[in-house]
Amino acid sequence: QVQLVEPGGGLVQAGGSLRLSCSASGRSLRTYPMGWFRQAPGKEREFVAAIDWSGGNINYADSVKGRFTISRDNAKNTIYLQMNSLKPEDTAVYYCAASLRGSLSTVVAGRNLEVWGQGTLVTVSS
C-alpha cells in the first residue's frame, strides 16, 4: 500500500521561503501525475500546483504563480514545492496527492486522487 509522507512545514515570516517535500513509500509513483493542495482554516481545500510524471508539464493556481515551484525527483520517489515570497494568506495545511488513474488535468480539477499525504501546516506570520 502506498503512503505519502510530508515533512517540511513550519512557521515563516511574510516574504520568506519554505520547501515542502512529499515522499512515497510502498510503491513507485514515478509514472503518475501528482499535485499539491491546501486548506486554510474555515475554507475549502484548493488546488495549488500539479506536475505530470515526467515533470515536463506543470500547472499552478493563479494565486501562487510566479512564487511557488513544483518539481519532482522520480529516482527518489519525491515531489517538492518550493514556496517563495510567502504571504499570510498562504497559511494552510498543505497536502500532496497522487493520481493513479488520471491525468494532469484531473489532478488540477481535484479528481481521481487516490492517494493523499497526511498534510503539513505552513504558517506565515505578518
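Strands, like helices, are taken here as DSSP runs numbered from the N terminus, a strand being a run of E that spans at least two residues. The model described below is a predicted one. Threonine 123 is found in one such run, strand β11, which covers residues 120-125.

The two faces of β11 are not equally covered: Thr120, Val122 and Val124 make up the covered face, while Leu121, Thr123 and Ser125 make up the uncovered one. Threonine 123 itself has a relative accessibility of 27%, and because buried residues must fall under 20% and exposed ones must lie over 50%, threonine 123 counts as partly exposed. When its neighbours within four places in sequence are left aside, threonine 123 is in contact with Gly10, Leu11, Val12 and Thr91. A separate comparison concerns arginine 101, which lies 22 residues from threonine 123 along the chain, and whose C-alpha atom is separated from that of threonine 123 by 32 Å.

Strand β11 pairs with strand β2, residues 10-13, through four bridges, and these two strands run parallel. Within this pairing, glycine 10 stands opposite valine 122 of β11. Strand β11 also pairs with strand β9, residues 92-98, in this case in the antiparallel sense and over three bridges. Here alanine 92 is the residue that stands opposite valine 122 in β11, and valine 93 stands opposite leucine 121 in β11.

Strand β9 is itself mostly covered, since six of its seven residues are buried, where buried means a relative accessible area under 20%. Besides its pairing with β11, strand β9 is joined in the antiparallel sense to strand β4, residues 34-39, over six bridges. One residue pair from this pairing is formed by tryptophan 36 and its bridge partner in β9, cysteine 96. Strand β9 pairs with β10 as well, again in the antiparallel sense, over two bridges, and alanine 97 has tryptophan 116 as its bridge partner in β10.

Tryptophan 36 also appears among the contacts of phenylalanine 47, a residue that lies in strand β5, residues 46-51. Phenylalanine 47 has a relative accessible area of 14%, and it is therefore classed as buried. Residues up to four places away in sequence not being counted, phenylalanine 47 touches Trp36, Phe37, Asn59, Tyr60, Ala61, Val107 and Val108. Alanine 75, by comparison, is 28 residues away from phenylalanine 47 in sequence and 25 Å away in space, from C-alpha to C-alpha.

A further group of strands forms an open sheet of four members, in the order β1-β3-β8-β7, with antiparallel pairing. The edges of this sheet are formed by β1, residues 3-5, and β7, residues 68-73, each of which pairs on one side only. From one strand to the next, the twist averages 20 degrees. The edge strand β1 is joined by three bridges to strand β3, residues 18-25, and the two run antiparallel; in this pairing, leucine 4 stands opposite alanine 24 of β3.

The loop between β7 and β8, the latter spanning residues 78-83, contains asparagine 77. The phi angle of asparagine 77 is near 60 degrees, which is a positive value in a residue other than glycine. With a relative accessibility of 16%, asparagine 77 counts as buried, because the limit for that class is under 20%. A second asparagine, at position 112, likewise has a positive phi, of about 55 degrees, although it is not a glycine. Asparagine 112 is placed in the loop between α1, residues 104-108, and β10, residues 115-116. Its relative accessibility of 31% means that asparagine 112 counts as partly exposed.

Asparagine 77 also takes part in lining the largest cavity, together with Leu29, Arg30, Met34, Arg72, Asn74, Thr78 and Ile79. The volume of the largest cavity is about 30 Å³, and the count of cavities of 30 Å³ or more comes to one. When the lining of the largest cavity is sorted by class, three residues are nonpolar, three are polar and two are charged.

Conventions
Residues numbered from 1 in each chain as written. Predicted model: local features only at pLDDT ≥ 70, side-chain atom pairs only at ≥ 80, totals over all residues. Heavy atoms only, no water. Pairing = 2+ DSSP bridges. Axes fitted to C-alpha atoms, helices over the stretch in contact; angles between N-to-C directions. 1 Å grid on protein atoms, 1.4 Å probe; cavity = no way out; pocket = protein on both sides within 12 Å on 5 of 7 lines; lining within 4 Å. Points joined across faces, edges and corners; volume = space filled by probe spheres on them. Nonpolar A, V, L, I, M, F, W, Y, C, P; charged D, E, K, R; others polar. Buried < 20%, exposed > 50% of the residue type's maximum accessible area, 1.4 Å probe, protein only. Contact = heavy atoms within 4.5 Å.
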